[in-house]
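Welcome, and please open the structure in your viewer. Have the selection tool ready, as each stop below tells you what to pick next.

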Amino acid sequence: VPKRRTSSAMRRVKQMVALLLLSMCAEGLVSRSVMRMHDFDFDVAIVGCGVGGHGAALHARAMGLKTCVLSGGDVGGTCVNRGCVPSKALLAAAGRVREMKDEMHLKAMGISLSDVAYDREGVAAHAKQLVSKVRGGLEGSLQRLGVEVIPKLGAYAGAHTLDVGNGETVTAQDIVLAPGSIPFVPPGIEMDGETVYTSDEALDLEHVPEYAAIIGSGIIGLEFSDVYTALGSEVTFVEAVDDLMPAFDREIARLAERLLLTPRGIDYRTGVFASKVTAGKRGERPVIIETIDAKTKEPVETLEVDACLVATGRVANTKALKLEDQGIELVRGVVQVDETMRVKTGPDGDVVPNLYCIGDANGIQMLAHTASAQGISAIENICGRHHVVDHESIPAACFTHPEVAQVGLDEKQAKQRAADEGFTLGKAISHFRANSKALAENEGDGIVKILYNKDTNQIVGAHIIGLHAADLIQEVANAKHAKTPITDLAFTTHTHPTLSEVVDAAFKEAVGMHAH
């Protein structure tokens with residue numbers, strides 16, 4: 001009997017020690033490898049080193065996990081090397097050119113300039129230098145924190161295992177897939193990378209076309225239209241759906257057309273497919289774009305342009321993961337996950353133990369900062385702290401001049417939710433033309449639009465077009481995530497004179513107050 005009591009007591013002690021160690025792991029005080037809870041090479045192995053993979057790696061190290069990243073030789077991924085970062089450099093340079101060429105705008109501020117010119121190679125070099133600097137920063141942060149960067153691709157080879165080629169494997173207690181996405185090119189489009197190309201090639205700015213067609217009027221297409229027109233190009237959009245700028249709230253899209261397209265001479269075709277695109281030869285023959293009606297499939301017209309940017313969205317970059325070889329079903333290349341980023345065997349399948357997928361590859365929301373948020377969330381769940389990303393409170397931005405930004409539902413979606421859930425939808429609008437800072441910049445175009453539940457005073461969506469909209473949206477996104485009632489937000493104090501007062505004016509408008 002005493003022996004049984006001792007055995008029972010020892011079991012309780014062991015359980016308490018195990019719980020303590022698990023708690024210490026969750027708090028980042030020790031790693032799983034230190035605890036000798038497994039014999040794998042790493043606690044966490046991350047496939048892909050874009051913003052999502054990098055964010056996951058940083059948080060894994062903060063939690064004390066022994067971590068490796070299989071970068072495939074592409075530290076920084078799409079965002080740093082072929083997306084967000086270089087595009088912002090081009091937009092910044094092109095924006096300066098546009099401002100300095102706007103004689104009326106400058107004259108109103110008492111400024112006059114003689115001829116304004118730009119050096120295409122210098123603009124392109126600015127983007128390349130920024131990429132190099134940011135990528136170096138990412139690499140340095142991983143090294144300083146002790147993340148092992150393996151410059152190889154990793155294919156999923158079953159539980160806890162990644163095949164890195166040549167008969168070599170990497171093993172880990174948990175695996176996070178973060179392979180990102182690649183541009184989608186519809187059938188019938190002949191790509192040559194010079195006259196017909198995607199954003200990957202366009203960011204090199206090897207050429208500024210005299211006349212460019214952009215297939216797709218989403219954020220990528222709009223940003224390049226901003227760059228091209230600032231640098232002197234004529235632009236035509238070819239959009240398959242009936243609405244131009246389909247990603248935007250309709251009211252914002254109408255205002256964006258007036259501010260971003262009409263004054264720049266940009267024309268467009270909506271409701272048509274580019275059924276066939278034949279590459280040209282720079283300086284010798286044009287690119288031929290044959291279009292058909294999106295509904296009837298009847299021929300519409302043929303366009304001849306100097307260059308064609310294909311901006312028709314992106315698709316998950318999952319082929320090299322070889323997940324289907326392990327019985328994991330993909331939907332159009334997209335990995336199916338649950339709310340905690342755990343991979344499932346299919347849309348209605350079971351969870352695959354110790355396997356997570358973040359970022360563009362899971363198709364939830366193709367934004368770099370969403371990938372980072374999902375990476376942090378995956379690590380939280382690996383450490384035993386249940387976490388779910390609030391995707392509806394993640395903002396998105398289009399860095400045109402002026403910028404466009406949004407968070408949550410658009411007005412059409414908000415009306416539908418109000419009808420479905422039985423609440424009264426409120427709407428408040430404020431104008432940049434009433435803001436002192438905007439007027440000082442001679443940038444009075446634009447609005448802030450807040451959509452909210454009148455019954456609970458919770459924000460359901462917000463949309464901004466105007467100067468620095470991408471920065472202004474963050475305040476609303478944070479308030480939405482924190483579930484701060486708009487009745488409280490209306491009484492917050494904003495610095496005067498700043499653009500943030502346009503947001504303040506919308507908050508106050510929502511509750512019947514007046515902003516000065």
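This tour visits helices, loops and side-chain pairs of a predicted model.

**Stop 1: colour by confidence**

Start by colouring the chain by pLDDT. The average over the chain is 94, and 93% of the residues score at least 70. Now select residues 1–6. Here pLDDT stays under 50, and the model has 0 contacts beyond four places in sequence for this stretch. Where pLDDT is low, the predicted coordinates should not be read in detail.

**Stop 2: helix H2**

Next, select helix H2, residues 51–62. How does its span compare with what its 12 residues should give? At 1.5 Å a residue, the expected span is 16 Å, and the end C-alpha atoms are 16 Å apart, so the two agree.

Show the side chains of H2 as well. Its buried residues are Gly-52, Gly-53, His-54, Gly-55, Ala-56, Ala-57, His-59 and Ala-60. What do they pack against? Display strand S1 (42–47), strand S2 (67–70), helix H6 (120–144) and helix H10 (368–382), and you have the partners of these buried residues. Before moving on, click Gly-64, just after H2, which takes a positive phi of about 80°.

**Stop 3: a charge over a ring**

Select Phe-42 and Lys-66 together. The charged end of Lys-66 sits over the ring of Phe-42, at 5.3 Å from the ring centre.

**Stop 4: an aromatic pair**

How many aromatic pairs does a search of the whole structure find? The search turns up 1. To see the pair, select Phe-224 and Tyr-228: their ring centres are 6.1 Å apart and their planes stand at 45°, so the pair is tilted. Both residues belong to helix H8 (residues 219–230), where they are 4 residues apart, about one turn of the helix. Switch on a surface and look for them: Phe-224 and Tyr-228 are both buried.

**Stop 5: salt bridges**

Side chains of opposite charge can pair when their charged atoms come close. In this model, the count of salt bridges comes to 22. Here are some to select.

- Pick Arg-82 and Asp-74, which form a salt bridge with their closest N and O atoms 3.0 Å apart. Arg-82 is partly exposed at 25% relative accessibility, and Asp-74 is partly exposed too, at 24%.
- Pick Asp-242 and Lys-295, whose side chains meet in a salt bridge at 2.8 Å, N to O. Asp-242 lies in the loop between strand S10 (234–239) and helix H9 (250–261), while Lys-295 lies in the loop between strand S13 (287–293) and strand S14 (299–305), so the pair ties together parts that are 53 residues apart in sequence. Asp-242 counts as partly exposed at 48% relative accessibility, whereas Lys-295 is exposed at 61%.
- Pick Glu-441 and Lys-437, another salt bridge, with an N to O distance of 3.0 Å. Glu-441 is partly exposed, with 34% relative accessibility, and Lys-437 is partly exposed with 30%.

Then select Asp-249, Glu-251, Glu-411, Lys-415, Lys-427 and Lys-449 at once. Salt bridges link these residues in a network.

**Stop 6: cis peptide bonds**

Zoom in on the backbone between His-401 and Pro-402. A cis peptide bond joins the two, with omega about 0°. Pro-402 is in the loop between strand S19 (396–398) and strand S20 (403–408).

Now move to His-496 and Pro-497. They are also joined by a cis peptide bond, with omega about -5°. For Pro-497, the setting is the loop between helix H14 (486–489) and helix H15 (500–510).

**Stop 7: positive phi in loops**

Finish with two loop residues. Select Asn-166, which has a positive phi of about 55° although it is not a glycine. You will find Asn-166 in the loop between strand S5 (161–165) and strand S6 (168–177). Is Asn-166 buried or exposed? At 77% relative accessibility, Asn-166 counts as exposed.

The last selection is Arg-332, a residue other than glycine whose phi is positive, near 50°. Look for Arg-332 in the loop between strand S16 (314–316) and strand S17 (342–344). Arg-332 is exposed, with a relative accessible area of 77%.

How values were computed: Residues are numbered from 1 along each chain as its sequence is written. Side-chain values use heavy atoms; hydrogens and water are left out. A salt bridge is a side-chain nitrogen of Lys or Arg within 4 Å of a carboxyl oxygen of Asp or Glu. Buried means under 20% relative accessible area, exposed over 50%, partly exposed in between (1.4 Å probe, protein chains only). Rings of Phe, Tyr and Trp (its six-membered ring) pair if their centres lie within 6.5 Å; planes under 30 degrees apart count as stacked, over 60 as edge-to-face and the rest as tilted. A charge sits over a ring if NZ of Lys or CZ of Arg is within 6 Å of the ring centre and within 35 degrees of the ring normal. pLDDT is the predictor's confidence in each residue, from 0 to 100. Contact means heavy atoms within 4.5 Å. The expected span of a helix is 1.5 Å times one less than its number of residues.
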